Amino acid sequence: MRVLLRPRWLVGTIIAVLLIVAFVNLGFWQLRRLDEKRDRNASIRERGAQEVEPVDRLVDPRTGFDDVDGLVYRRASARGRYDREGEVRIRSRSLDGRPGEWVVTPLRLDDGAALAVNRGFVPLETDVPAPPRGEVEVTGLLFASQKRSGIGPRDPTDGRLAELSRLDLVRLQQQYDTDLYPMWLQLQRQDPPVDEDALPLLLPEPEQDEGPHLSYAVQWFLFATVGAIGWPLLLRRTAQEDERKRRRGPSPPDEAAGQPLEAAR
């Protein structure tokens with residue numbers, strides 16, 4: 001097609017090809033995200049069905065913070081005493097559409113280590129009730145230390161912080177004088193029991209939906225299909241118009257001016 005030799009159509013074709021490739025890659029990226037979600041949901045179901053075990057049987061407190069992926073979503077229990085002096089809040093959290101914070105309190109175990117327990121959610125500008133005194137037994141889900149991703153906020157590296165941007169056990173360990181377990185526990189049950197309507201509010205279990213990734217993938221593939229079919233059709237139509245004009249030859253001057261020959265005399 002000679003139309004492709006024209007600069008504007010050549011540039012347009014290059015842009016169209018790049019967009020089609022980008023749309024296809026975005027579609028496959030969404031499919032990979034869907035596979036990740038399905039694997040995550042399978043792990044939640046599989047590990048959630050296993051029996052509750054004491055945390056000290058599942059993981060050694062000397063284990064590295066990055067070596068615990070196989071235990072995420074496991075149900076565990078621990079017995080000890082809350083240490084409110086080490087309590088921190090995790091800001092920028094929400095529950096049922098309400099903005100607030102998580103309340104994380106270390107639980108000192110008999111083995112000398114401490115387990116960071118996420119006691120739940122409190123709305124903004126709310127006083128947090130003190131944890132129970134004396135020995136308690138907690139049960140919940142284990143999670144790995146949270147890490148900064150992308151352009152997320154950074155916490156100061158020095159000093160003792162009352163609030164953190166995320167439940168970063170590495171940063172929490174910097175300001176806590178007792179060795180922390182390399183995982184934190186999302187509280188589900190406690191003995192003595194916790195009033196479900198009292199603050200902090202217990203967090204729900206992880207969602208197991210697959211999200212919109214499949215529909216997004218279909219949309220990106222549709223965009224790619226529209227581009228792959230529509231652009232060649234546009235080029236073909238333009239080439240046909242050019243060919244018709246070429247066969248008709250140049251128009252008479254009076255016709256080009258849009259005036260009848262009689263009117264020009």
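Visitor: How are aromatic pairs read in a structure, and how many does a search of the whole structure find here?

Guide: Rings of Phe, Tyr and Trp, the last by its six-membered ring, are taken as a pair if their centres lie within 6.5 Å, and planes over 60 degrees apart make such a pair edge-to-face. The model in front of you is predicted, and searching the whole of it gives seven aromatic pairs. In one of them, Phe 28 and Phe 221 have ring centres 5.2 Å apart with planes at 75°, so this pair is edge-to-face. Phe 28 belongs to helix 1 (residues 7-48) and Phe 221 to helix 4 (residues 213-248), so the pair ties together parts that are 193 residues apart in sequence.

Visitor: Are Phe 28 and Phe 221 buried or exposed?

Guide: Phe 28 has a relative accessibility of 43% and counts as partly exposed, and Phe 221, with a relative accessible area of 25%, is partly exposed. Another pair is made by Tyr 73 and Phe 143, whose ring centres are 5.6 Å apart and whose planes stand at 85°, so it is edge-to-face. Here Tyr 73 sits in the loop between helix 2 (55-58) and strand 2 (75-82), while Phe 143 is part of strand 6 (residues 135-144), so the pair ties together parts that are 70 residues apart in sequence. Tyr 73 counts as buried at 14% relative accessibility, and Phe 143 is buried with a relative accessible area of 14%.

Visitor: Which residues form one aromatic cluster with Tyr 73, and which residue lies over the face of Trp 102?

Guide: The cluster consists of Tyr 73, Trp 102, Phe 143 and Trp 184. Arg 93 lies over the face of Trp 102, at 4.7 Å from the ring centre. In addition, the charged end of Arg 119 is placed over the ring of Tyr 82, 5.9 Å from its centre.

Visitor: How should I read the largest nonpolar core, and which residues touch the most other members?

Guide: In soluble globular proteins, nonpolar side chains tend to be buried together. In this model the largest nonpolar core has 43 residues, of which Val 55, Leu 107, Leu 115, Val 117 and Val 138 touch the most other members. At least two residues come from each of helix 2, strand 2, strand 3 (88-95), strand 4 (98-109), strand 5 (114-123), strand 6, helix 3 (169-174) and strand 8 (180-191), and strand 8 supplies the largest share, six residues. If neighbours within four places in sequence are set aside, the contacts of Leu 115 include Val 55, Ala 78, Leu 107, Met 183 and Trp 184.

Visitor: What volume does the largest pocket have, and which residues are the closest to its centre?

Guide: Its volume is about 700 Å³. Among the 21 residues that line this pocket, Arg 40, Tyr 73, Phe 143, Gln 146 and Pro 206 are the closest to its centre. Two or more lining residues are given by each of strand 3, strand 6 and strand 8, with the largest share, four residues, coming from strand 3.

Visitor: Where is Arg 74 found, and is Arg 74 buried or exposed?

Guide: Arg 74 is found in the loop between helix 2 and strand 2, and with a relative accessible area of 9% Arg 74 is buried. Apart from neighbours within four places in sequence, Arg 74 is in contact with residues including Arg 47, Glu 51, Glu 53 and Leu 141. Arg 81, by comparison, lies in strand 2, and its contacts beyond four places in sequence include Pro 106, Arg 108 and Glu 135.

Notes. Residues numbered from 1 in each chain as written. Predicted model: local features only at pLDDT ≥ 70, side-chain atom pairs only at ≥ 80, totals over all residues. Heavy atoms only, no water. Phe/Tyr/Trp six-rings, centres within 6.5 Å; stacked < 30°, edge-to-face > 60°. Buried < 20%, exposed > 50% of the residue type's maximum accessible area, 1.4 Å probe, protein only. Lys NZ or Arg CZ within 6 Å of the ring centre and 35° of its normal. Core = buried A, V, L, I, M, F, W, Y, C linked by side-chain atoms within 4.5 Å. Contact = heavy atoms within 4.5 Å. 1 Å grid on protein atoms, 1.4 Å probe; cavity = no way out; pocket = protein on both sides within 12 Å on 5 of 7 lines; lining within 4 Å. Points joined across faces, edges and corners; volume = space filled by probe spheres on them.
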